[in-house]
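Student: I would like a close look at the charged side chains and the strands that carry them. Please keep to one connected account.

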Amino acid sequence: MRVRVATTALGITAALLAVPACSTGTTGPKHQPSSRTGKPTDAAQEPAAFSSDTLESRLLDPRDLGSGYLAKPERRAQQDDVTVIGCPALSELGGDAATGGTLAFPHKAKADFTYRRSSSEISEELYSDSAKKLSDGIARVFDAMTDCSAYQVVAGGTPVDVASQKLPAPHDLGDEQWSQLLTFSASGQSTVVKQTAIRDGNLLVIVSGSPALVDRHLDKALAKATAAS
């Protein structure tokens, strides 16, 4: 069941970021405003968005991560019927919003990895659009995800309890930052997933997975994504 929970957790995590507004709650202190140190304004001119091919080339790969990391094949979209219980913000989006998918920006790339020493997982997503669109889109997601202290997702008949805790964002990275800790529980097993998003200009970097792996590789992901910006 441990593998099933982990897979479900990461699938739901990616899905919660697949729509303009979603929700998870906080099991810790009540939600406070996201870190918005460099909230963009409507600029007259702004660098063009990067293509998906360019973003793909800026993703971390196993060589960047180091020994013991293996790339995972792209996950197929979930087809199970999904029901969200206890979180109106997610329910209004429809059950399918709770599994699979990516943010609805036109330019995107994603990579998933496993760390064989612990069977932990980490994923990276890159997006590019205008700074304002990236800022508004990801802020709506993270803000909404803290509206519910806890909720349940039922996918394919399997109930998964979800709770989240807003975390301090790494203020020294990028222009804007968001971070949270998600706990997924099913059949007596739990999986904890950290998710941190950094906007740097017209690039958005999202790293999700084992908290230790996210902390270890977040700086590296941002550095590679913005190296030639």
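What is the relative accessible area of Asp175?

Tutor: Asp175 has a relative accessible area of 29% and is partly exposed (buried is under 20%, exposed is over 50% and partly exposed is in between, with a 1.4 Å probe and protein chains only). The model is predicted, so to speak of local features requires pLDDT of at least 70 and side-chain atom pairs count only at pLDDT 80 or more, whereas totals for chains, interfaces and linings use all residues. Residues are numbered from 1 along each chain as its sequence is written, and side-chain values use heavy atoms, with hydrogens and water left out.

Asp175 and Arg199 meet through their side chains in a salt bridge of 3.7 Å, N to O (a side-chain nitrogen of Lys or Arg within 4 Å of a carboxyl oxygen of Asp or Glu). Asp175 sits in the loop between S6 and S7 and Arg199 in strand S8 (residues 189-200), so the two are 24 residues apart and the pair links distant parts of the chain (strands, E, of at least two residues and helices, H or I, of at least four are DSSP runs numbered from the N terminus). Arg199 is buried, at 2% relative accessibility.

The strands on either side of that loop are partners: S6 and strand S7 (residues 176-186) are antiparallel over six bridges (strands pair if DSSP finds at least two bridges between them). Ala163 has Thr183 in S7 as its bridge partner. On the S5 side, strand S5 (residues 150-155) and strand S6 (residues 158-166) are also antiparallel over six bridges, with Tyr151 bridged to Val162 in S6. S5 and S6 make a hairpin with two residues between them, and Gly156 in the turn has a positive phi of about 60 degrees.

S8 is joined to strand S9 (residues 203-209) by seven bridges, in the antiparallel sense, and Ala197 stands opposite Ile206 in S9. These strands belong to an open, antiparallel sheet of nine, ordered S1-S3-S4-S9-S8-S7-S6-S5-S2. S1 and strand S2 (82-85) are at the edges with a single partner strand each, so one side of each has no neighbour in the sheet.

S8 also carries Lys194, which forms a salt bridge with Asp215, the closest N and O atoms being 2.5 Å apart. Asp215 is in helix H6 (residues 211-226) and Lys194 in strand S8, so this pair ties together parts 21 residues apart in sequence. Asp215 is partly exposed, with a relative accessible area of 49%, while Lys194 is buried at 14% relative accessibility. Elsewhere, Asp61, Arg63, Asp64 and Lys224 are joined into one network by salt bridges that share partners.

The count of salt bridges comes to eight. One of them pairs Glu121 with Lys72, the closest N and O atoms being 3.3 Å apart. Glu121 is in strand S4 and Lys72 in strand S1 (residues 69-72), so the pair ties together parts that are 49 residues apart in sequence. Glu121 is buried at 14% relative accessibility, and Lys72 is partly exposed at 24%.

Strand S4 (residues 120-128) also holds Glu125. Glu125 is buried without a salt bridge, and Lys110, the nearest side chain of opposite charge, is 4.8 Å away (Lys and Arg count as positive, Asp and Glu as negative; His and the chain ends are not counted).
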